[in-house]
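Open the model in your viewer and keep the selection panel at hand. The tour moves from the whole chain to single residues.

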Amino acid sequence: MARHCLTDDQWELIAGIFPPPARTGRPRVDRRMVVDGILWILRTGAPWRDLPEVFGKWGTVYDLFATWNQDGTLNEILDLLRSAHVDAGAIDTELWCVDGTTVRAARCAAGAVKGGG
C-alpha cells in the first residue's frame, strides 16, 4: 500500500494546512492517514466501505473528505501537491489529454431515433 500513500516530503508540504489539535476533547484522527485513505479511494475507485482498516474507520475518512471538499481544503491540498510536481518537472504543463474512448453515450446521442422506430 505504500504506493498509495504520501511520501514524507509530500506530507511536509501539506501538513501546515491542518490546524494543531485542540487541547481538550476527543483525540483527533491522524490527518496523514486520513489523506492517505482519501487518496487510496480516489486512486482505486473502491467503495468507501472497502477502505482498508489501516487508514482508519471509513465513515470518519468519508466525513472528513466531504467536509474538506465542501470548505476547499482538498483543493488546497491538491494545488500544493500539483504545483510541487510542476516545479519538479514531473508534470508537463503543455499537453493535457482526455481519453474519450471510455465515455459512454446513449444511442440517441449519436442521432439514432428514439423509441426504436
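Helices (H or I, at least four residues) and strands (E, at least two) are DSSP runs, numbered from the N terminus. This is a predicted model, in which local features need pLDDT of at least 70, side-chain atom pairs count only at pLDDT 80 or more, and totals for chains, interfaces and linings use all residues. Residues are numbered from 1 along each chain as its sequence is written, and side-chain values use heavy atoms, with hydrogens and water left out.

**Whole chain**

Start with the cartoon. The protein has 4 helices and 0 strands. The order from the N terminus is α-α-α-α. Switch to the surface: about 9,000 Å² is accessible, and carbon and sulfur atoms hold 53% of that. Areas come from the Shrake-Rupley method with a 1.4 Å probe; for residues, only the protein chains shown count as cover. Now colour by burial. Buried means under 20% relative accessible area, exposed over 50%, partly exposed in between (1.4 Å probe, protein chains only). Of the 117 residues, 25% are buried.

Contact means heavy atoms within 4.5 Å. Take the contacts between residues at least 6 apart in sequence: 55% of them join residues at least 24 apart.

**The core**

A nonpolar core is a set of buried Ala, Val, Leu, Ile, Met, Phe, Trp, Tyr and Cys residues joined through side-chain atoms within 4.5 Å. Which members of the largest core touch the most other members? Select Leu 6, Ile 14, Val 35, Ile 38, Trp 68 and Ile 77, out of 22 residues in that core. Helices H1 (8-14), H2 (31-44), H3 (58-71) and H4 (73-87) each supply at least two residues to this core. H2 gives the most, with 6 residues.

Centre on Ile 77. Leaving aside residues up to four places away in sequence, Ile 77 touches Ile 14, Ile 17, Phe 18 and Val 35.

**Aromatic pairs**

Rings of Phe, Tyr and Trp (its six-membered ring) pair if their centres lie within 6.5 Å; planes under 30 degrees apart count as stacked, over 60 as edge-to-face and the rest as tilted. The whole structure holds 6 aromatic pairs. Show Trp 11 and Phe 18: this pair is stacked, 5.7 Å centre to centre with 20 degrees between the planes. Both Trp 11 and Phe 18 are buried. Next, Trp 48 and Phe 65: their centres are 5.2 Å apart and their planes are at 45 degrees, so the pair is tilted. Trp 48 sits in the loop between H2 and H3, Phe 65 in helix H3, 17 residues apart. Relative accessibility is 18% for Trp 48, which counts as buried. Phe 65 is buried too, at 17%. Add Trp 68 to Trp 11 and Phe 18, and you have one aromatic cluster.

**Helix H3**

Select 58-71. The buried residues of H3 are Val 61, Leu 64, Phe 65 and Trp 68. Look down the axis of H3: these buried residues fall within an arc of 105 degrees, so they line one face of the helix. The arc is that of the directions from the helix axis to the C-beta atoms. H2 and H4 are among what covers them. After H3 comes Gly 72, with a positive phi near 90 degrees.

**Helix H4**

Move on to 73-87. Thr 73, Leu 74, Ile 77 and Leu 81 are the buried residues of H4. Their arc is within 110 degrees, so they too line one face. Their cover includes H1, H2 and H3. Finish at Gly 89, just after H4, where phi is positive at about 80 degrees.
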